[in-house]
Amino acid sequence: MSTSLAMRPVRALAVLALAALTMLAALPLTAGTAHGARIKDIASVSGMRRNQLVGYGLVVGLSGTGDQRGSDFTVQSIFNMLDKMGVRVDKATLKPKNVAAVMVTAQMPVSARPGSRLDVTVSSIGDATSLLGGVLLVTPMKGVDGNIYAIAQGSVLVGGVSAQGAGASVSKNITTVGLLPGGANVERAVAFSFNDQADLTLSLRNPDFSTATRVAKRVNETMGAAMATAIDAGTIRLAVPPENQGNLAPLMASIENIEVTPDHRARVVVDEKTGTVVLGQNVQISPVAITHGNLQIQVQESADVSQPLPFSGGQTVVTPQTNIGVTEENRKLKMIEGATLQELVEGLNALGATPRDLISILRTLESSGALAADLEVN
């Protein structure tokens, strides 16, 4: 029987030019197209942030999928809870299989006031197998300053399911993390008054000097006053007019809907695990010579058996036979000078490059200095 012992493609890749996502090559692309975005979509306002809350609690009512006997902290938590309720129990007799210890997390916006509701995420920290059907008991949620800002309690919604028997098991999604929509009540507000600010600050999500300057210019043009100043690549300071002092909400409602065309650094992002390549529109390459070809070597071995005639006294001999085949694609060298996004996509398609090939090509481009972009490999 013939067995293939080795088949390895050896890729001869030289330099190529840059582009956009290869899978989008079939779509019409325009190299110089710019799209506007609202200021609210590219920047955040000073002070308008979210605050992380965390707490430790117990999820009860599980159907035997809670923490096992080895989770001593769960047993201790159950004992402490019952003790505070005036129930005396022997810690050694507690079996926490219907109870799971969880960490409870939430994000509270600075605008939240007492009585507001927050979505809550609960995550098992023991060896529970599922939180399905559980109920989170009253859990105080604290900020980084140690103060309690919210109280969480309610039924846990789990987006997964799992089941197992003696010889098999099945699971879908994650069953040890659940959600409580609106499961926390805000009890304390963050000490921050938005209307008391003498001036405002816009913080760009992607700092860029060009974008910051454009934002300041568009705000001044729209508002009819020189109230915006770009401080650095990610910060724009807004001077509050006297008529808006103490009432900043209408002012920000007008500013946040102003459209600006943001600028970006040329960047190429590569995910080697999935073969995904995303290439920015502003990426350019220097004039380069490009070739792309594949060399494939296939080695096959078989065994020929020499059988002697009966009663001849000879021995059976096995003779190995090896067949080696070499296939190489003959592709011509191509010149690409200052390729744009659309030109590069067309060039990659002409060469028949796959996403995996493109990753190697981009690495070679960066090494040669022909790639005018940041190459980020994940």
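This section describes strand pairing, helix packing, salt bridges and a surface patch in a predicted model.

The model contains a closed barrel of 6 strands, which runs in the order S4-S5-S6-S11-S8-S7 with antiparallel pairing. From one strand to the next, the twist in this barrel averages 30 degrees. Within the barrel, strand S8 (residues 148-155) and strand S11 (residues 177-186) run antiparallel and are joined by 3 bridges. Ala152 has Ala184 in S11 as its bridge partner. Helix H2, covering residues 72-84, packs on this sheet and touches S4, strand S5 (100-109) and strand S7 (135-142). The direction of H2 makes about 85 degrees with that of S4.

Strand S4 spans residues 50-60 and includes Tyr56. With a relative accessible area of 34%, Tyr56 is partly exposed. Tyr56 belongs to a nonpolar patch on the surface, formed together with Phe73 and Ile125. The accessible area of these residues together is about 250 Å².

An open sheet of 4 strands is also present, with the order S3-S12-S14-S13 and antiparallel pairing. Its edge strands are S3 (43-45) and S13 (228-232), each of which pairs on one side only. Direction ignored, neighbouring strands of this sheet are turned by 25 degrees against each other on average. Helix H3 (residues 209-223) packs on the sheet, where H3 touches S12, S13 and S14. Between the direction of H3 and that of S13 the angle is about 165 degrees.

Two of the pairings in the open sheet involve S14. Strand S12 (residues 199-204) is joined to S14 (residues 235-239) by 5 bridges, and the two strands run antiparallel. In this pairing Asp199 has Ala239 of S14 as its bridge partner. S13 also pairs with S14 in the antiparallel sense, over 4 bridges, and Ala228 has Leu238 in S14 as its bridge partner. The connection from S13 to S14 is a hairpin through 2 residues.

Strand S16 (residues 267-271) has two faces that differ in cover. Val268 and Val270 make up the covered face, whereas Arg267, Val269 and Asp271 make up the uncovered one. In a regular strand, side chains alternate between the two faces of the sheet. S16 pairs in the parallel sense with strand S24 (residues 374-377) over 4 bridges. With strand S17 (residues 276-279), S16 pairs in the antiparallel sense, likewise over 4 bridges. Val270, a residue of the covered face, stands opposite Val377 in S24 and opposite Val277 in S17. The hairpin of S16 and S17 has 4 residues between the strands. In this hairpin, Gly275 takes a positive phi near 80 degrees.

The model has 5 salt bridges by the criterion applied. Among them is the pair of Arg214 and Asp263, whose side chains meet at 3.8 Å, N to O. This pair links distant parts of the chain, with the two positions 49 residues apart in numbering. Arg214 lies in helix H3, and Asp263 lies in the loop between strand S15 (259-260) and S16. Arg214 has a relative accessible area of 34% and is therefore partly exposed. Asp263 also counts as partly exposed, because its relative accessibility is 22% and the buried class ends under 20%.

Another of the salt bridges joins Asp83 and Arg88, with the closest N and O atoms 2.2 Å apart. Asp83 counts as partly exposed at 31% relative accessibility. Arg88 counts as exposed, because its relative accessibility is 68% and the exposed class covers values over 50%. A further salt bridge is formed by the side chains of Asp41 and Arg38, at 3.0 Å from N to O. Asp41 has a relative accessible area of 42% and is therefore partly exposed. Arg38 is partly exposed at a relative accessibility of 34%.

Definitions and conventions. Residues are numbered from 1 along each chain as its sequence is written. This is a predicted model: local features need pLDDT of at least 70, side-chain atom pairs count only at pLDDT 80 or more; totals for chains, interfaces and linings use all residues. Side-chain values use heavy atoms; hydrogens and water are left out. Buried means under 20% relative accessible area, exposed over 50%, partly exposed in between (1.4 Å probe, protein chains only). Two strands pair if DSSP finds at least two bridges between them. Patches are made of residues with over 30% relative accessible area and no salt bridge: like charges are joined within 9 Å, nonpolar side chains (Val, Leu, Ile, Met, Phe, Trp, Tyr) within 5 Å. Accessible areas come from the Shrake-Rupley method with a 1.4 Å probe; for residues, only the protein chains shown count as cover. A salt bridge is a side-chain nitrogen of Lys or Arg within 4 Å of a carboxyl oxygen of Asp or Glu. Axes are lines fitted to C-alpha atoms, for helices over the stretch in contact, and angles run from 0 to 180 degrees between N-to-C directions. Contact means heavy atoms within 4.5 Å.
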